[in-house]
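User: Please take a close look at how the aromatic residues are placed in this chain. Set them against the neighbouring helices, the internal cavities and the overall fold, and say how each term is defined.

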Amino acid sequence: MTATHFVGDTGVLLGRTLKHVTRSLDTIITTAVTPIALMLLFVYVLGGAIDTGPDSGSYVNYMLPGILLITVASGVAYTAYRLFMDMKSGIFERFQSLPIARSGVLWAHVLTSLFANVISLVIVVGVALIMGFRTGANVLEWLAVAGMLILFTLALTWLAVIPGLTAKTVDGASAFSYPLIFLPFISSAFVPTASMPGPVRWFAENQPVTSIVNSIRAIFAGRPVGADLWIALAWMLGILVVAYVASMLIYRRKIS
């Protein structure tokens, strides 16, 4: 099967899944609402009681990277949901009877997730700017942040494909995202890890969200990123590769 065939088939299937999103924009709005509510809560209610250090600037600057990751984690739940509904509707069996690239079905869902999450991220950043978020990052640094968020979205979306293919109920398909949404709360996203008790601090400093948050925060603040960037990239690429391979193996078993 040629690359042109794969790209063409994926494009057609992508148009189908994008229609589902554009006809129900409430899913994008819902994805953005929870992170925005958290941002309002932490900045205007809890932020004054949190000491983030003398060089961290305003609290909205400090916590925005974590909010962006929560936005993505909330959004990928809809990927698992849409994929699950396709599996149950029998549309996959219909696709098998057509001469199309089989993996294009999954890629269409993944790219739709990327499209929807980018819109949600833009909304959240817009609200953060209204709330006082400021950065001296230049265009290249903004592109670096965007690249990290896109890679993070792809990694979590391929992870979402697994429950979308294997869940027994619609609740089970989307519930996998709850731990992902909770993970930033046990990281450096909202408070410095130095303030945490020993075992919690160890976990927070050695889980992927902390290195990703620290990297984005450093880029926004114009500080050297250091080793956090390479640790973050290693985590995201590792999750992406493992999730992609697992998803394709499960998918092939499902359609065989």
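Analyst: Tyr62 is found in helix α3, where a helix is a DSSP run of H or I of at least four residues, a strand is a run of E of at least two, and both are numbered from the N terminus. At 6% relative accessibility, Tyr62 counts as buried; buried means under 20% relative accessible area, exposed over 50%, and partly exposed in between, with a 1.4 Å probe and protein chains only. The model is a predicted one, in which local features need pLDDT of at least 70 and side-chain atom pairs count only at pLDDT 80 or more, while totals for chains, interfaces and linings use all residues. Residues are numbered from 1 along each chain as its sequence is written, and side-chain values use heavy atoms, with hydrogens and water left out.

Along the chain Tyr62 is 126 residues away from Ser188, yet the C-alpha atoms of the two are separated by 9.4 Å. Ser188 also appears among the partners of Thr210, which, with neighbours within four places in sequence left aside, is in contact (heavy atoms within 4.5 Å) with Ser187, Ser188, Ala204 and Glu205. Thr210 itself sits in helix α10, residues 208–221, and is buried, with a relative accessible area of 5%.

Turning to the rings, the structure holds 10 aromatic pairs; rings of Phe, Tyr and Trp (its six-membered ring) pair if their centres lie within 6.5 Å, and planes under 30 degrees apart count as stacked, over 60 as edge-to-face and the rest as tilted. One of these pairs joins Phe42 and Phe190 in a stacked arrangement, with 4.5 Å from centre to centre and 25° between the planes. This pair links distant parts of the chain, since Phe42 belongs to helix α2 whereas Phe190 lies in the loop between α8 (177–182) and α9 (198–205), 148 residues apart. Both rings belong to buried residues: Phe42 has a relative accessible area of 11%, and Phe190 one of 3%.

A second pair to consider is that of Trp107 and Trp158, which is edge-to-face, with 5.0 Å between the centres and 80° between the planes. Because Trp107 lies in helix α5 and Trp158 in helix α6 (residues 139–166), the pair ties together parts of the chain that are 51 residues apart in sequence. The two partners differ in burial, for Trp107 is partly exposed at 23% relative accessibility, while Trp158 is buried, with a relative accessible area of 1%. Returning to the phenylalanines, ring pairs link Phe42 and Phe190 with Phe182 and Phe185 into a cluster.

Helix α6 also holds Ala155, which is buried at 2% relative accessibility. Not counting residues up to four places away in sequence, Ala155 touches Met236, Ile239, Leu240 and Ala243. From C-alpha to C-alpha, Ala155 and Val241 are 7.9 Å apart in space, although 86 residues separate them in sequence. Helix α11 (residues 227–255) is the place of Tyr251, a buried residue with a relative accessible area of 3%. Tyr251 and Leu106 are 145 residues apart in sequence, but their C-alpha atoms are 8.6 Å apart.

As for internal space, a search of the whole structure finds 2 cavities of 30 Å³ or more; a cavity is a set of points on a 1 Å grid over the protein atoms alone where a 1.4 Å probe fits but cannot get out, and lining residues have an atom within 4 Å of a point. About 60 Å³ lies in the largest cavity, a volume being the space filled by probe spheres set on the points, which are joined across faces, edges and corners. Its lining has 10 residues, of which Thr31, Gly75, Tyr78, Ala116 and Asn117 lie nearest the centre. Two or more lining residues come from each of α2 (26–46), α3 (59–89) and α5 (103–130), and α5 gives the largest share, 4 residues.

In the overall fold, the protein has 11 helices and 0 strands. Of its 256 residues, 48% count as buried. Among contacts between residues at least 6 apart in sequence, 81% join residues at least 24 apart.

Notes: 1 Å grid on protein atoms, 1.4 Å probe; cavity = no way out; pocket = protein on both sides within 12 Å on 5 of 7 lines; lining within 4 Å.
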